[in-house]
Amino acid sequence: MIVATSSRTVSTPPIDGIFRALADPTRRRVVERLNRSPASVGELAQPFDMALPSFIEHLKVLEGCGLVRSQKTGRVRTYRLAPEPLRLAENWLAEQRAMWERRLDQFDAYVMTLKEKDI
């Protein structure tokens, strides 16, 4: 994704678009539904109380960041989950978790040395 700011253009990492898309509860529910199987726009929109054009905007966001792909056959557009961006987000989260676990282990070791000095 490319964002224009004042007089310069800044490229944002793809992961930003993925997390931005997943920040919305409607889009998360669509991703959860597509985990089971591909579905048409009508099937995906059915549980939501919103106008179809508004719902389609959610699908465009998901498709824009690569989380879903669509295919049109005749008059029916079918969406399916694209797992690669989810793996990218999962890997990023795993890296963050590992870093914080290391930091917490180091902090724990430091606290234990302070505690031993008090004894």
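Before anything else, one term: when I call a residue buried, I mean that its relative accessible area is under 20%, computed with the protein chains only. Keep that in mind, and also that what you see above is a predicted model.

Hello everyone. Let me start with helix 1, since that term does its work there. Helix 1 takes in residues 14-22, and its buried residues are Ile15, Gly17, Ile18, Ala21 and Leu22. Around the axis they cover an arc of only 160 degrees, which puts them on the same side of helix 1. What do the buried residues of helix 1 pack against? Their partners are helix 2, helix 4 and helix 5.

Now let me step back to the whole chain. There are five helices and five strands in the protein chain. If you walk along the sequence, the order is β-β-α-α-β-α-α-β-β-α. The protein chain has 119 residues, and 26% of them are buried. On the outside, about 8800 Å² is exposed, with carbon and sulfur atoms supplying 54% of that area. As for contacts, take those between residues at least 6 apart in sequence: 45% of them join residues at least 24 apart.

Next comes helix 2. Its 12 residues should span 16 Å at 1.5 Å a residue, and the end C-alpha atoms are 18 Å apart, which agrees. Which residues of helix 2 are buried? They are Thr26, Arg27, Val30, Val31, Arg33 and Leu34. Looking down the axis of helix 2, you find these buried residues within an arc of 165 degrees, so they line one face of the helix. Turn to the face that points away from the buried side, and you meet the exposed residues Glu32, Asn35 and Arg36.

I would like to pause on one residue of that buried face. Thr26 sits in helix 2, which runs over residues 25-36. Is Thr26 buried or exposed? Its relative accessibility is 14%, and the cut-off for buried is under 20%, so Thr26 counts as buried. Setting aside residues up to four places away in sequence, Thr26 touches Phe48, Met50, Phe55 and His58.

On to the charged pairs. How many salt bridges does the structure hold? There are two. In general, side chains of opposite charge can pair when their charged atoms come close.

One pair is Glu57 with Lys60, where the closest N and O atoms are 3.5 Å apart. Both residues lie in helix 4, residues 52-64, and they are three residues apart, about one turn of the helix. An α-helix has 3.6 residues a turn, so residues three or four places apart point the same way. Glu57 is partly exposed, at 44% relative accessibility, and Lys60 is also partly exposed, at 48%.

The other pair is Arg69 with Glu84, whose side chains meet at 3.1 Å, N to O. Arg69 belongs to strand 4 (residues 68-73) and Glu84 to helix 5, so this pair ties together parts that are 15 residues apart in sequence. Arg69 has a relative accessible area of 46%, which makes it partly exposed. Glu84 is partly exposed as well, at 40% relative accessibility.

Arg69 also leads us to strand 5. Arg80 is located in strand 5, residues 76-81, and it is partly exposed, with a relative accessible area of 41%. What is Arg80 in contact with, leaving aside its neighbours within four places in sequence? The answer is Leu34, Pro38, Leu67, Val68 and Arg69. So two residues we have already met turn up here: Leu34, from the buried set of helix 2, and Arg69, from the salt bridge with Glu84. Arg80 and Ser40 are 40 residues apart along the chain, yet their C-alpha atoms are separated by 8.9 Å.

Last stop: the surface of helix 5. Phe107, Tyr110, Val111 and Leu114 make a nonpolar surface patch of about 380 Å². Leu114 is placed in helix 5, which covers residues 83-118. With 35% relative accessibility, Leu114 counts as partly exposed.

To close, here is the picture I would like you to take away. Helix 1 has its buried residues on one side, and those residues pack against helix 2, helix 4 and helix 5. Helix 2 has a buried face and, turned away from it, exposed residues. Thanks for listening, and I am happy to go back to any of these spots in the viewer.

Conventions
Residues are numbered from 1 along each chain as its sequence is written. This is a predicted model: local features need pLDDT of at least 70, side-chain atom pairs count only at pLDDT 80 or more; totals for chains, interfaces and linings use all residues. Side-chain values use heavy atoms; hydrogens and water are left out. Patches are made of residues with over 30% relative accessible area and no salt bridge: like charges are joined within 9 Å, nonpolar side chains (Val, Leu, Ile, Met, Phe, Trp, Tyr) within 5 Å. Accessible areas come from the Shrake-Rupley method with a 1.4 Å probe; for residues, only the protein chains shown count as cover. A salt bridge is a side-chain nitrogen of Lys or Arg within 4 Å of a carboxyl oxygen of Asp or Glu. Helices (H or I, at least four residues) and strands (E, at least two) are DSSP runs, numbered from the N terminus. Buried means under 20% relative accessible area, exposed over 50%, partly exposed in between (1.4 Å probe, protein chains only). Contact means heavy atoms within 4.5 Å. The expected span of a helix is 1.5 Å times one less than its number of residues. The arc is that of the directions from the helix axis to the C-beta atoms.
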